[in-house]
Amino acid sequence: MYVTYERSRGALSASLHGEIDHHSVQSVREDIDKTILQERPDEFKLELSDISFMDSSGLGLVMGRYRTVTGIGGTMSVVNPSANVLKILNMAGMDKLIKIEATERKSKR
Amino acid sequence: MKSATILNKAIKEMPVNSFKCEFPAKSLNESFARIIVSAFVNQLDPTIAELSDIKTSVSEAVTNSIVHAYRETDIKKAQNVYLSGEYYSDGKIVITVKDKGCGIPNIKEAMQPLYTTLPSDERSGMGFTIIASFSDKLKVSSAPNKGTTVRFEKRIGNT
């Protein structure tokens with residue numbers, strides 16, 4: 001898995017690519033936190049349209065980043081999760097805590 | 001006739017296909033385990049959702065063994081994860097993930113949603129909950145310092 005960033009005005013968007021599991025989160029966790037703390041965005045978006053697989057390690061990844069972002073006073077949303085990813089996010093009740101949105105870019109499925 | 005029926009019931013159905021493998025308890029083998037199980041289950045032509053549920057369940061069980069089982073054991077001992085699978089003529093798939101690690105002292109507690117011994121590592125504690133909800137049947141057996149076996153079943157092609 002790897003991560004790419006996009007910055008527009010007050011928002012920072014991090015797009016994840018590949019598979020999210022316990023092995024792969026280790027490499028991106030710190031990188032994303034570092035970027036958030038550097039950029040200090042008002043709004044942080046975690047773009048998941050290019051994630052082909054996610055297990056419960058993804059829940060930790062989302063929650064951890066949520067803590068980092070809210071810790072500097074920002075808001076967070078999860079963008080374009082696939083059906084499988086959404087199922088896991090909802091099972092853990094993430095949708096009650098974090099805004100989950102689908103944009104028109106979701107043309108992949 | 002009656003005795004034939006009884007005999008039929010007594011014979012345990014043989015799986016149509018099966019596999020067994022073992023690999024070191026290293027985190028890069030989490031994706032390896034998913035690929036093995038995907039390739040095996042694909043023989044039954046599952047839907048994307050069915051395959052995804054099974055892949056996720058395997059990932060949870062294998063990750064548990066990799067993260068927890070050998071945490072405090074002697075490095076000289078083989079630290080392997082044992083993965084096996086079977087499927088039957090009715091579409092029932094049985095996956096077993098086994099380790100010879102520290103074991104789970106309290107299985108009931110470990111299976112509670114959000115229960116984790118490693119919150120600092122961002123472990124969500126949702127692993128068993130996810131397997132339980134994504135499969136038809138889940139059985140966890142464990143003994144201290146002997147190891148843990150996670151066995152789950154899922155029947156595909158129900159609809």
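Two strands are taken to pair where DSSP finds at least two bridges between them. The views below show a predicted model.

**Figure 1. The β4–β5 hairpin of chain B closes through a residue with positive phi.** Strands β4(B) and β5(B) are separated by 3 residues in this hairpin, and B:Asn145 adopts a positive phi near 60°. Strand β4 (residues 137-143) of chain B runs antiparallel to β5(B), and 7 bridges join the two. Within this ladder, B:Lys137 has B:Glu153 of β5(B) as its bridge partner.

**Figure 2. Strand β5 of chain B has a covered and an uncovered face.** In a regular strand the side chains alternate between the two faces of the sheet. In β5 (residues 147-155) of chain B, the covered face consists of B:Thr148, B:Val150, B:Phe152 and B:Lys154. The uncovered face is formed by B:Gly147, B:Thr149, B:Arg151, B:Glu153 and B:Arg155. Besides its hairpin partner, β5(B) pairs with β3 (residues 92-99) of chain B in the antiparallel sense, over 8 bridges. B:Arg155 of β5(B) lies opposite B:Lys92 in that pairing.

**Figure 3. The open sheet of chain B has antiparallel pairing.** Its 5 strands follow the order β1-β2-β3-β5-β4. Strands β1 (17-24) and β4 of chain B form the edges, each pairing on one side only. The average turn between neighbouring strands is 10°, direction ignored. Helix α3(B) packs on this sheet, where it touches β2 (80-87), β3 and β5 of chain B. The direction of α3(B) makes about 10° with that of β3(B).

**Figure 4. Helices α2 and α3 of chain B cross with right-handed geometry.** The two axes come within 9 Å and cross at roughly 145°. From α2(B), the contact involves B:Glu30, B:Ala33, B:Arg34, B:Val37, B:Ser38 and B:Val41. These residues meet B:Leu51, B:Ile54, B:Lys55, B:Val58, B:Ser59, B:Val62, B:Thr63 and B:Ile66 of α3(B). By class, the contact comprises 8 nonpolar, 3 polar and 3 charged residues. An α-helix has 3.6 residues a turn, so residues three or four places apart point the same way.

**Figure 5. B:Val62 is among the residues with the most contacts inside the largest nonpolar core.** This core has 55 residues, and A:Ile20, A:Val62, B:Val58 and B:Val97 are likewise among those with the most contacts inside it. Helix α3(B) provides the largest share of the core, with 7 residues. With residues up to four places away in sequence left out, B:Val62 touches B:Glu30, B:Ala33, B:Val81, B:Leu83 and B:Val97.

**Figure 6. The sheet of chain A is open, with mixed pairing.** Its 5 strands are arranged in the order β1-β2-β3-β4-β5. At the edges are β1 (2-8) and β5 (99-101) of chain A, each of which pairs on one side only. From one strand to the next, the twist averages 25°. Strand β2 (residues 11-20) of chain A runs parallel to β3 (residues 43-54) of chain A, with 9 bridges joining them. A:Ser13 stands opposite A:Lys45 of β3(A). Helix α3 (residues 83-91) of chain A lies across β3, β4 (75-79) and β5 of chain A, at about 120° to β3(A).

**Figure 7. Three helices of chain B each supply at least two residues to the side that touches chain A.** They are α2 (29-41), α3 (48-69) and α5 (127-134) of chain B. The contact draws 17 residues from chain A and 18 residues from chain B. Helix α3(B) contributes 7 residues, the largest share of the side of chain B that touches chain A. That side divides into 4 nonpolar, 9 polar and 5 charged residues.

**Figure 8. Helix α5 of chain B is mostly covered.** Of its 8 residues, 6 are buried. The buried residues are B:Gly127, B:Phe128, B:Thr129, B:Ile130, B:Ile131 and B:Phe134. Their cover includes α3 of chain A, together with α3, α4 (107-110), β4 and β5 of chain B.

Key
Residues numbered from 1 in each chain as written. Chains lettered and ligands numbered in written order. Predicted model: local features only at pLDDT ≥ 70, side-chain atom pairs only at ≥ 80, totals over all residues. Helix = DSSP H or I, 4+ residues; strand = E, 2+ residues; numbered from the N terminus. Axes fitted to C-alpha atoms, helices over the stretch in contact; angles between N-to-C directions. Contact = placed C-beta atoms within 7 Å. Buried ≥ 20, exposed ≤ 12 C-beta atoms within 10 Å, placed from the backbone. Nonpolar A, V, L, I, M, F, W, Y, C, P; charged D, E, K, R; others polar. Left-handed = near helix turned anticlockwise from the far one by under 90°. Core = buried A, V, L, I, M, F, W, Y, C linked by C-beta atoms within 7 Å.
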